[in-house]
Amino acid sequence: MKPRIGVTGGIGSGKSTVSERFAQLGCAVIDADEIARGLTLPGGAAIAAIQEQFGAHFITHEGALNRAQMREAVFQDPGAKQRLEAILHPLIQRSIFDRYAHACEHSAAKVVIFDIPLLAESQQWSPRLDQVIVVDCEERTQLARVQARSQLSAEAVAAIMAQQASREQRLRKADWVIWNETLSLQALGDEVLGLYNELIAVLPLQH
Ligand SMILES: CC(C)(COP(=O)(O)OP(=O)(O)OC[C@H]1O[C@@H](n2cnc3c(N)ncnc32)[C@H](O)[C@@H]1O)[C@@H](O)C(=O)NCCC(=O)NCCS
Ligand SMILES: Nc1ncnc2c1ncn2[C@@H]1O[C@H](COP(=O)(O)OP(=O)(O)OP(=O)(O)O)[C@@H](O)[C@H]1O
């Protein structure tokens, strides 16, 4: 089995950028957000259950999840968030481990990166991973990055952040921390390269 490295961070912290850099370095990357999106496209495995649980008005004419409407529902209402997660998280988890098994058999990568936004929110991940990397920055930087790339209001971003683990809770799960506050994108890439070399040195690798 290949080493499993978790990458996590709050909204806008830079975890997708870090995971992309690991992919450039030849790592296999499993992206939980991408899996979640696939499950809620037209014909996705979660659509029927979401329609039954939330109603047909949460499904677009094309048969996909209406993401904006669901975002407004779940980030204002913890009960709705729980109901959505009860549908999606078991499916996401199964898909992650299917992809991991596939990567172990078919990928030349030395390590597998698990890009999991909600790693710190659940007890289940740490025991299933060999190492955890937390991408961290100030909350005001998270807000600025998210607003620079989306139409979300400051209130909408704050509502999402309030539903995520705090920085302290997340940092408690960390074996490695990338402090993505003062780094340029180039320097962030170099930091990931340095970390990759350290991981390769300390982890038992498949040959
Ligand atoms: C609520 C949904 C429809 C909103 O979709 P939308 O395209 O507007 O946002 P997107 O998926 O890009 O997420 C925006 C930010 O919220 C975070 N986020 C997503 N779901 C959650 C959640 N359940 N709890 C806390 N933060 C979350 C993401 O990590 C990201 O930082 C979508 O996020 C969703 O289906 N969430 C449930 C699945 C899930 O838990 N995904 C995250 C881990 S795999
Ligand atoms: N060090 C940095 N310098 C400049 N821009 C950065 C830096 N790190 C990340 N960004 C930018 O901030 C934005 C958010 O980064 P990214 O998408 O990697 O975050 P994320 O943690 O995956 O967010 P989300 O949880 O919302 O998916 C992106 O536009 C990215 O290019």
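The legends below describe close-up views of a predicted model of one chain with its ligands.

**Figure 1. Confidence of the predicted model.** The chain has an average pLDDT of 96, and 99% of the residues score at least 70. For the complex, the predictor reports an ipTM of 0.96 together with a pTM of 0.96.

**Figure 2. The annotated binding site, with G14 and K15 in view.** An unreviewed UniProt entry carries the annotation "binding site" for G12, S13, G14, K15, S16 and T17. Within this stretch, G14 sits in the loop that runs between strand 1 (4-8) and helix 1 (15-24), whereas K15 belongs to helix 1. G14 has 23 other C-beta atoms within 10 Å and is therefore classed as buried, the threshold for that class being 20 or more. K15 is likewise buried, because 27 other C-beta atoms lie within 10 Å. Setting aside residues up to four places away in sequence, G14 touches G9, V135, C137, N180 and L188, while K15, on the same basis, touches V7, T8, G9, D115, P117 and V135. V135 and G9 thus appear in the contacts of G14 and K15 alike.

**Figure 3. The surroundings of ligand 2.** The shell around ligand 2 holds 18 residues, of which G14, K15, S16, T17 and R145 come nearest. Helix 1, helix 6 (139-149) and helix 9 (185-202) are the elements that each supply two or more residues to this shell. Sorted by class, the residues around ligand 2 are six nonpolar, eight polar and four charged. G14, K15, S16 and T17, which are listed among the nearest residues, also fall under the "binding site" annotation taken from the UniProt entry.

**Figure 4. The surroundings of ligand 1.** Ligand 1 is surrounded by 20 residues, and the closest of these are I11, A32, M70, R71 and P117. Two or more residues of the shell come from each of helix 2 (32-39), helix 4 (67-74), helix 5 and helix 7 (154-163), with helix 5 giving the most, namely five residues. By class, the shell around ligand 1 comprises 12 nonpolar, three polar and five charged residues. P117, one of the closest residues to ligand 1, is also among the residues that K15 touches.

**Figure 5. The largest nonpolar core, centred on I133 for this view.** The largest nonpolar core is made up of 41 residues, and those with the most contacts inside it are I5, V112, I113, F114 and I133. Helix 5 (residues 78-106) contributes the most to this core, with six residues. Apart from its neighbours within four places in sequence, I133 is in contact with I5, G6, V7, W176, I178 and L195. Of these partners, I5 is itself listed among the core residues with the most contacts, and V7 is also touched by K15.

**Figure 6. Partly exposed positions on helix 5 and helix 2.** Q93 is a residue of helix 5, and it counts as partly exposed because 17 other C-beta atoms lie within 10 Å. Although Q93 and I35 are 58 residues apart in sequence, their C-alpha atoms are 9.3 Å apart in space. R37, which is found in helix 2, has 14 C-beta neighbours inside 10 Å and so is partly exposed. R37 and L65 are 28 residues apart along the chain, and a distance of 8.8 Å separates their C-alpha atoms.

Definitions and conventions:
Residues numbered from 1 in each chain as written. Chains lettered and ligands numbered in written order. Predicted model: local features only at pLDDT ≥ 70, side-chain atom pairs only at ≥ 80, totals over all residues. UniProt positions renumbered as here; feature names shortened; annotations may be inferred. Helix = DSSP H or I, 4+ residues; strand = E, 2+ residues; numbered from the N terminus. Buried ≥ 20, exposed ≤ 12 C-beta atoms within 10 Å, placed from the backbone. Contact = placed C-beta atoms within 7 Å. pLDDT = per-residue confidence, 0-100. Near = placed C-beta within 6 Å. Nonpolar A, V, L, I, M, F, W, Y, C, P; charged D, E, K, R; others polar. Core = buried A, V, L, I, M, F, W, Y, C linked by C-beta atoms within 7 Å.
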